[in-house]
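The following explanation is intended for a reader who is new to this structure. Please keep the sequence and the model in view while reading.

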Amino acid sequence: MTYRESFIKFSQLVKPARLMAVSKTRTLDEIKNAYDAGFRLFGENHVQEIVQKFTDYKPEDLELHMIGHLQSNKVSKVVKIVDMIESVDSLSLLQKIDAQAKKIDKVMSVLLEFNTSSEEAKSGFLTENELFSCIEESKKLTNIKICGLMTVGPVSCPKEQKDELTDKAFKYLKSLKEKCSEMFPEINFDILSMGMSGDYQIAVKNSSTEVRIGTAIFGERVYV
Ligand SMILES: *Cc1c(COP(=O)(O)O)cnc(C)c1O
């Protein structure tokens with residue numbers, strides 16, 4: 001499939017959700033080809049890759065989101081380049097993002113990542129209370145805009161339970177979004193970022209508004 005064909009195919013399949021091309025490990029040439037084929041939203045999970053690829057290449061209408069775990073010593077680099085950080089999983093990280101954003105006079109859009117399957121290897125807030133208190137505290141932060149929630153579906157579960165547990169995780173994130181909207185009516189939790197190559201159909205069925213697809217667009221990743 002060409003990038004153009006997969007752009008058309010997946011834009012249709014994930015409707016009404018937005019389609020993100022997850023371009024981690026992909027070369028800048030692959031990204032440029034994907035952009036030329038129509039993709040506008042890209043996701044990366046390593047700060048170093050973001051800096052290498054997007055410092056000199058970032059067309060006006062290309063939107064770049066950080067979707068991987070973010071170490072606090074790399075916050076300043078990422079805040080400068082990306083349009084959204086989807087992987088905020090602690091208040092201290094949020095405070096550091098706010099401080100760096102303030103320095104460059106930017107309001108940083110963020111999603112709060114929740115660990116909906118309680119798997120230890122995954123990042124994200126683990127309890128609702130931590131999430132709620134982070135949102136409460138964020139009211140003091142002038143250079144942060146919370147835009148919604150993000151999750152990664154279960155990864156290390158038995159194959160025969162995968163669909164059921166994924167459905168449960170995504171339903172949970174949706175209900176959490178509704179709870180947050182009720183508790184904090186002044187904040188818009190419009191974005192529900194969930195679904196990847198293997199589970200985007202379940203995500204779309206559960207009202208995902210943004211689906212993050214890597215492998216199904218670019219092929220298997222090779223880590224060197
Ligand atoms: C890699 C990654 C994706 C895309 O995964 P695929 O299975 O290749 O579609 C989506 N979300 C996050 C957070 C990722 O790290």
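The paragraphs below consider the ligand and its surroundings, and then the cysteines.

The model shown here is predicted. A suitable place to begin is the ligand, since the space that the ligand takes is the largest pocket. The residues that surround the ligand are Val22, Lys24, Ile67, Val152, Met196, Ser197, Arg212, Ile213, Gly214, Thr215 and Arg221. Sorted by class, this shell consists of five nonpolar residues, together with three polar and three charged ones.

Several of these residues place polar side-chain atoms by the ligand. In lysine 24, such an atom lies 2.6 Å from an oxygen atom of the ligand. Serine 197 likewise has a polar side-chain atom 2.5 Å from a ligand oxygen. Arginine 212, by contrast, faces a nitrogen atom of the ligand, with a polar side-chain atom at 2.9 Å. As for the extent of cover, the ligand taken alone exposes 390 Å², and the protein buries 88% of that area.

The cysteines form the second topic. How many disulfides does a search of the whole structure find? The search finds zero. Cysteine 134 accordingly takes part in no disulfide, and the nearest cysteine sulfur, belonging to cysteine 180, is 10 Å away. The side of cysteine 134 that could meet solvent is also limited: cysteine 134 counts as buried because its relative accessibility is 1%, and the cut-off for buried is under 20%.

Cysteine 147 may be considered in turn. Its closest cysteine sulfur is again that of cysteine 180. The two sulfur atoms are 13 Å apart, which is too far for a bond, because a disulfide requires sulfur atoms within 2.5 Å. With a relative accessibility of 8%, cysteine 147 therefore counts as buried.

Conventions. Residues numbered from 1 in each chain as written. Predicted model: local features only at pLDDT ≥ 70, side-chain atom pairs only at ≥ 80, totals over all residues. Heavy atoms only, no water. Near = heavy atom within 4 Å. Polar contact = N/O pair within 3.5 Å; in protein donor to acceptor, adjacent residues only side chain to side chain. Areas by Shrake-Rupley, 256 points an atom, 1.4 Å probe, with all protein chains shown as cover. 1 Å grid on protein atoms, 1.4 Å probe; cavity = no way out; pocket = protein on both sides within 12 Å on 5 of 7 lines; lining within 4 Å. Sits in = over half its atoms within 2 Å of the grid points. Nonpolar A, V, L, I, M, F, W, Y, C, P; charged D, E, K, R; others polar. Buried < 20%, exposed > 50% of the residue type's maximum accessible area, 1.4 Å probe, protein only.
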